[in-house]
Amino acid sequence: MSIMKIENLEAKIGDKNILKGLNLELEAGKVHAIMGPNGAGKSTLSKTIVGHYDVEITGGDITYKGKSIKDMEPEERALEGIFLSFQHPVEIPGVNNAYFLRTALNAKLKYEGKEELNAAEFLRAMKKHLEMLGMKSDMISRSLNEGFSGGEKKRNEILQMLILEPEVIILDEIDSGLDIDALRQVSEGINKMKDGKRTFLVITHYSRILDYIEPDYIHVLKDGKVIKTAGPELVPYLEEHGYDGIKED
Amino acid sequence: MANEGLDTAISGEYELGFEIDIETDIIEPGLDIDTLKFISKKKEEPEWMLDLRIKALKKWETMTEPHWGKLDYTPIDYQSISYFAAPKEQIDSLDEVDPKILEAYEKLGISLDEQKQLAGVKVAVDAVVDSVSVKTTYSEELEKHGVIFCSISEAIRDYPELVKKYMFSVVPMADNYFAALNSAVFTDGTFVYIPKGVRCPMELSTYFRINAMNTGQFERTLIIADEGSHVSYNEGCSAPTRDDHQLHAAVVELVILKDAEIKYSTIQNWYPGDETGKGGIYNFVTKRAICEGENAKVSWTQVETGSAITWKYPSCILKGDNSVGEFYSVAVTTLAQQADTGTKMIHIGKNTKSTIISKGISAMKGQNTYRGLVKINSSAVGARNYSECDSLLIGSECGAHTFPYLESKDTQGQVEHEATTSKISDEQLFYLRQRGITEEDAVSMIVHGFCKQVFSQLPMEYAVEAKALLELTLEGSVG
Ligand SMILES: Nc1ncnc2c1ncn2[C@@H]1O[C@H](COP(=O)(O)OP(=O)(O)OP(=O)(O)O)[C@@H](O)[C@H]1O
Ligand SMILES: [Mg+2]
């Protein structure tokens, strides 16, 4: 069953056409990996899905659970269960990380008509995630992403994913800049979310993270289009031959 | 489509713009000696007070309006203002306040009924409407502790010795143009005296309401903390939405003796005018504290969200050895508001210490200027100052300016200054929205984070109020 369908998507940033008739179908509960050369449009695709203001859709459509989300506000898409772990998470000085996380979680609980958590309940719920991700507890009392190292920012993205429990999870180069332990911990976090219902779109340049999280599908994105979809067996081939030799499906 | 949310209006409605429907006694506009005689007579003042008023008027007439502030406004015609307005049917008994006024104060969230106040936190209130104090609550209970809490008009009649001794002692009559004007025409305000060694048993507060049209409000507040005493005082204010500008020129004097402490908090929410600059209060205020004795401590905390123009520099004269002055400020300018605000810390005594934390927020076409002076006299051996001035810009049409001045005659003084300017970026807002937080909540989240250091200085109930007020001020037609 498909949960998200991207059809003939065309999108530009400024005057530059970046997505040029992209087709992609995400199957519910599966792990989809996207690989492709620098500048191919991978981050643009993820931004387009979450409604980033930089991107203008000029053609095609994105449907989520059967409904077009093209005109939805970013916060609504988020509340409907679409999560993006940013390639470069922005720093927000002065906003306490724990306070932010709780606000985001409570916004979601409220949207779903559930009871909001108080500060104590929330901290308790968060503690176990911190441990698993190897995050020091001072990281949640600090300002959101401010002065975080590259790896700490990525762990903090995963922490948000674990707390918000989204349905479609887009991870844009979550593995870039992670040390060996962090890569394992982050992968563990991702695997914890794999429950056969949640759907992943994992953008990466490296096979290492894919060894941990075992994708169901590999899509090759090149020059604004998905040119090939295959099983995980494609990864070693790409590692060896690069993207040049890939023929369009 | 680069985030319209930010570029368009980020400004909420002014919620307190209603008018209290009462009859008002108001004198004809104009200012001369007869005006002063009229005010003095209305207030049943002794002769000496009238003489001082006349002296102040004469001085004022020789002075010129200052224009060094980074403020742009149409000149004020002082003869077109009415200098006295009072709700009619003012009955002498304090218990008989016009129900409409009580109701209006309820609407502002302030109960003037002692019975109705929630148990637990007691706050004594002096309620000032236009030129008169309409009611002061808990005066009797405070009296048991020797605390005097009354209107300045009453103090002039009942405690002339204290008034003569301290009024004009911190802000001299002709200190500046607006102070001189106030000295001549001041109408009401609050008087507080905390006796030796007394910790004031409740929060004191004054709520100023401008109601009548074409009037100015010229209140005068005098607080004296005798040796070893402690008081926390809060002031709030608001005014109806009107198309013309109204002048508010207040003077506040604080005297802190040996080992005493005053915490003075302000939540300023005068009507700010509209986005084109029409209407709004011109707020020209002189606030000054003197730490007379050793170990005296004063802190000014202000949250400035209202007024079309704010010109205000709460200052501390640190005369006693080891005395401490603090200034915590959040100033918000949105719409077409302009604020030129800051503080002066004058170090005279040995080992005096001052802290300045200033947070300026500008949105829409708001212009926010911090102007601060740290002056260290040669006598102030071991003086220390820490200043931090941060500006936050929302959108691209607003501005922030910082003018820190330092005069140090003592090389032993230790002065530290930090300043930052940041902008709420589209990328930050987007990040928060991607986590399901609405754009408005995202803005207020960043703003609260920015103001945290200042809000934490406010008494709890006021911190909550300040937070809500800020939210309302910056809330807007997003998207
Ligand atoms: N804000 C922008 N302004 C101008 N060009 C942009 C902008 N954002 C992206 N681009 C351009 O769009 C193209 C696609 O960028 P995108 O970030 O989607 O690539 P990517 O596949 O994620 O690359 P990488 O693997 O390096 O992360 C690039 O040529 C990039 O320079
Ligand atoms: Mg990218």
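In this predicted model, a polar side-chain atom of Glu173(A) lies 3.3 Å from an oxygen atom of ligand 1. Gln87(A) also offers a side chain to the ligand, with an N or O atom placed 3.3 Å from a ligand oxygen. At Ala40(A) the backbone takes part instead: one of its N or O atoms is 3.2 Å from an oxygen atom of ligand 1. Taken on its own, ligand 1 has 640 Å² of accessible area, and the protein covers 65% of this.

The surroundings of the ligand can be traced to particular elements of the fold. Strand S2 (16-27) and helix H1 (42-50) of chain A are the elements that supply two or more residues to the shell, and H1(A) gives the most, with 3 residues. In total, 15 residues surround ligand 1, the closest being Lys16(A), Gly39(A), Lys42(A), Ser43(A) and Thr44(A). By character, the shell comprises 7 polar, 4 charged and 4 nonpolar residues.

It is worth following S2(A) and H1(A) into the sheet they accompany. S2(A) belongs to an open sheet of 4 strands, ordered S2-S1-S4-S5 in chain A and paired in the antiparallel sense. The edges of this sheet are formed by S2 and strand S5 (67-68) of chain A, each of which pairs on one side only. Strand S1 (residues 2-13) of chain A runs antiparallel to S2(A), and 9 bridges join the two. Within this pair, Lys5(A) stands opposite Glu25(A) of S2(A). H1(A), in turn, lies across S1, S2 and strand S4 (55-64) of chain A, at about 110° to S1(A).

Chain A also holds an open sheet of 6 strands, in the order S6-S9-S10-S3-S11-S12 and with mixed pairing. Strand S6 (82-85) and strand S12 (225-230) of chain A each have a single partner strand, so one side of each remains without a neighbour in the sheet. On average, and ignoring direction, neighbouring strands here are turned by 20° against each other.

At one edge of this sheet, S6(A) pairs in the parallel sense with strand S9 (residues 168-172) of chain A, over 4 bridges. Ile82(A) stands opposite Val168(A) of S9(A). Helix H6 (residues 150-164) of chain A lies across S6, S9 and strand S10 (199-203) of chain A, and runs at about 165° to S6(A).

Methods: Residues are numbered from 1 along each chain as its sequence is written. Chains are lettered from A and ligands numbered from 1 in the order in which they are written. This is a predicted model: local features need pLDDT of at least 70, side-chain atom pairs count only at pLDDT 80 or more; totals for chains, interfaces and linings use all residues. Side-chain values use heavy atoms; hydrogens and water are left out. A residue is near a molecule or strand if one of its heavy atoms lies within 4 Å of it. A polar contact is a pair of N or O atoms within 3.5 Å; within protein, one must be able to donate a hydrogen and the other to accept it, and residues adjacent in sequence count only if both atoms are side-chain atoms. Accessible areas come from the Shrake-Rupley method with a 1.4 Å probe; for residues, only the protein chains shown count as cover. Ala, Val, Leu, Ile, Met, Phe, Trp, Tyr, Cys and Pro count as nonpolar, Asp, Glu, Lys and Arg as charged, and the others, Gly among them, as polar. Two strands pair if DSSP finds at least two bridges between them. Axes are lines fitted to C-alpha atoms, for helices over the stretch in contact, and angles run from 0 to 180 degrees between N-to-C directions. Contact means heavy atoms within 4.5 Å.
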